[in-house]
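Open the structure in your viewer and keep the selection tool handy. We will go from stop to stop, and at each one you will hear what to select and what is there.

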Amino acid sequence: QVQLVESGGGLVQAGGSLRLSCAASGRISGYYAMGWFRQAPGKEREFVIGISWTGTKYTDSVKGRFTASRDNAKNTVYLQMNSLKPEDTAVYYCAALAPYSSNWSDVRYWGKGTLVTVSS
């Protein structure tokens, strides 16, 4: 099993920035694509951004504002969020795929989530 632990959520004003971190631990063997989903109040969970062996994938609403990076030595992925908008308010979940997968519709592991609130 792989455990994912997020950190870095909080309250920020519109236009501000926030950085989330997600550390993976446990039985890590091989390359795991890691990324982020989010779930706003009353809405379904949606894919935000992810890094796999095929590259980085973004959802359109965050292009130019959010970037993801990873430190393979630390099994950690980061989400840098700039120019935040109130509509970015959501619980952000870290996700990891099965080893060597790049299919973001088939998440193998989830973190518990961290709340990001953007005030107007």
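**Stop 1: a salt bridge at R38**

Start by selecting R38 and E46: they form a salt bridge, with the closest N and O atoms 2.7 Å apart. Please keep in mind throughout that this is a predicted model. Is R38 buried or exposed? R38 has 5% relative accessibility, so this residue counts as buried. Its partner E46 counts as partly exposed, because its relative accessibility is 32%.

Now add D88 to the selection. D88 also forms a salt bridge with R38, and here the closest N and O atoms are 3.0 Å apart. D88 lies in the loop between β8 (76-81) and β9 (90-97), while R38 is in strand β4 (residues 34-39), so the pair ties together parts that are 50 residues apart in sequence. Both ends of this bridge, D88 and R38, are buried.

Add R65 as well, and you have a network of salt bridges that links R38, E46, R65 and D88.

**Stop 2: another salt bridge**

How many salt bridges does a search of the whole structure find? The search finds four. One of them joins D60 and K63, whose closest N and O atoms are 3.3 Å apart. Look at D60 with the surface switched on: D60 counts as exposed because its relative accessibility is 60%, and the cut-off for exposed is over 50%.

**Stop 3: aromatic pairs**

Next, show the aromatic side chains. The count comes to five aromatic pairs. Select Y32 and Y109 as one example: their ring centres are 6.2 Å apart and their planes are at 55 degrees, so the pair is tilted. Y32 lies in the loop between β3 (18-26) and β4, and Y109 in strand β10 (residues 107-110), so this pair ties together parts 77 residues apart in sequence. Y32 and Y109 are both buried.

Move on to F47 and W104. Their ring centres are 5.3 Å apart with the planes at 40 degrees, so this pair is tilted. The pair links distant parts of the chain, with F47 in strand β5 (residues 46-52) and W104 in the loop between β9 and β10, 57 residues apart. F47 and W104 are buried.

Widen the selection to F37, F47, Y93, W104 and W110, and you will see one aromatic cluster.

**Stop 4: charges over rings**

Stay with two rings of that cluster. Which residue lies over the face of Y93? Select R45, which sits there at 3.7 Å from the ring centre. Then turn to F47, where K57 lies over the ring face at 5.7 Å from the ring centre.

**Stop 5: the nonpolar cores**

Finally, select L4, M34, W36, F66, L79, M81 and Y92. Of the 28 residues in the largest nonpolar core, these touch the most other members. Colour by strand to see which elements give two or more residues to this core: β1 (2-7), β3, β4, β5, β7 (66-71), β8, β9 and β11 (114-119).

Centre the view on Y92 and show its contacts. Leaving out residues up to four places away in sequence, Y92 touches E6, L20, W36, F37, R38, V48, F66, L79, M81, G113, T114 and V116. R38 from the first stop is among these contacts.

For a last selection, pick F37, A95, L97 and W104. These are included in a second, separate core of seven residues. F37 and W104 also belong to the aromatic cluster you saw earlier.

Technical notes: Residues numbered from 1 in each chain as written. Predicted model: local features only at pLDDT ≥ 70, side-chain atom pairs only at ≥ 80, totals over all residues. Heavy atoms only, no water. Salt bridge = Lys/Arg side-chain N within 4 Å of Asp/Glu carboxyl O. Buried < 20%, exposed > 50% of the residue type's maximum accessible area, 1.4 Å probe, protein only. Helix = DSSP H or I, 4+ residues; strand = E, 2+ residues; numbered from the N terminus. Phe/Tyr/Trp six-rings, centres within 6.5 Å; stacked < 30°, edge-to-face > 60°. Lys NZ or Arg CZ within 6 Å of the ring centre and 35° of its normal. Core = buried A, V, L, I, M, F, W, Y, C linked by side-chain atoms within 4.5 Å. Contact = heavy atoms within 4.5 Å.
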